[in-house]
Amino acid sequence: MKTLTNKKALVLGGSRGIGAATVTRLANEGAEVTFTYGGSENAAQALAKTTGAGAVQLDSVDRDALTAFIADQDSLDILVINAGTFIFGSPFDLNPDDVDYMIDLNVRAPYHAAVEAAKKMNQGGRIVVIGSVNGDRMPMQGAAAYALTKSAIQGMVKGLARDFGERGITVNNIQPGPVNTDMNPEDGPFKDVMHSFLAIKRHARTDEIAGLVAYLTGPEASYITGAQHTIDGGFGA
Ligand code: NDP
């Protein structure tokens, strides 16, 4: 049985990885899906073709373009904020502009998108942000700024859940551990160290994360809000 029939969903950053799996899953659940992408035109068009979703090139860091696009939607039931980046390196060596870009994309954009979406949403809307288990636990050097951005999402969902709760709009944070994507390929240089932290010694598949998105955006999750949902193979256990 499809759980999202007649629902309108917007996925920010849907062309690749977790975002693409989310677009596919929400479309399979019967939602009318639109997704945004940054630079991956070919991947976005291919995904639009296979899923029937609408693809729109939109840089999430451009706040005015992002909020205007959301404001232009006829109606909205579901917002999934997935677009994010991981910039890694010693805090003494990282370019401060790169750090600020990551904060803009991973924190500033989700906040403004969520607020704008809530203005548009019908009663019982759903907002899901893809955070990271690194919001709770950062066992490696070189990722303090990334952890900062994902911890910020935790506070954001708690506060916005209270701001939007009267209208039955839920706001939740999904916190994956390692997921096999271009950002964190399972055959990459960090495989052994990452798997040493895990109870289930493999990266997650993107569809495993998309399954949790489908649950939290579906009808059974109407009383789940302001919460962090860790899906990490035991990384934080
Ligand atoms: P990928 O790098 O594989 O994909 C990122 C997606 O975000 C792409 O569709 C990309 O689109 C889009 N995107 C990036 N920048 C922008 C932008 N400025 N504007 C619009 N869209 C943009 O990442 P993942 O799928 O691995 O990660 C997705 C989310 O999950 C991120 O928030 C990440 O922090 C989080 N996460 C990932 C983990 C992992 O191990 N992979 C673990 C925990 C959390 P395009 O290519 O078109 O620019």
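Me: Leaving aside its neighbours within four places in sequence, which residues is F35 in contact with?

Reply: Quick caveat: this is a predicted model, so local features need pLDDT of at least 70 and side-chain atom pairs count only at pLDDT 80 or more, while totals for chains, interfaces and linings use all residues. Residues are numbered from 1 along each chain as its sequence is written, and side-chain values use heavy atoms, with hydrogens and water left out. Taking contact as heavy atoms within 4.5 Å, the list for F35 is V11, G14, S15, V23, A44, L47, A48, A53, G54, A55 and V56.

Me: Which element supplies the largest share of the largest nonpolar core?

Reply: A nonpolar core is a set of buried Ala, Val, Leu, Ile, Met, Phe, Trp, Tyr and Cys residues joined through side-chain atoms within 4.5 Å; buried means under 20% relative accessible area, exposed over 50%, partly exposed in between (1.4 Å probe, protein chains only). The largest one here has 28 residues, with V11, V23, L26, V33, F35 and I174 making the most contacts inside it. At least two residues each come from β1, α1, β2, α2, β4, β5 and α7, where helices (H or I, at least four residues) and strands (E, at least two) are DSSP runs numbered from the N terminus. The top contributor, with five residues, is α1.

Me: How far apart in space are I127 and I169, C-alpha to C-alpha?

Reply: I127 sits in strand β5 and is buried, with a relative accessible area of 1%. I169 is among the residues it touches, along with L79, F164 and V171. The two are 42 residues apart in sequence, but their C-alpha distance is 7.4 Å.

Me: What arc do the buried residues of α3 cover?

Reply: Those residues are L66, T67, F69 and I70. The arc is taken from the directions from the helix axis to the C-beta atoms. They lie on the same side of α3, because their arc is only 160 degrees.

Me: What share of the ligand's area does the protein bury?

Reply: The ligand is surrounded by 31 residues, S15, R16, S40, Y146 and T181 being the closest (near means a heavy atom within 4 Å). Its oxygen atoms have polar contacts (N or O pairs within 3.5 Å) with side chains of R16 at 2.8 Å, Y146 at 2.7 Å and T181 at 2.5 Å. Taken alone, the ligand exposes 890 Å² (Shrake-Rupley, 1.4 Å probe), and the protein's cover takes away 93%.

Notes: A polar contact is a pair of N or O atoms within 3.5 Å; within protein, one must be able to donate a hydrogen and the other to accept it, and residues adjacent in sequence count only if both atoms are side-chain atoms.
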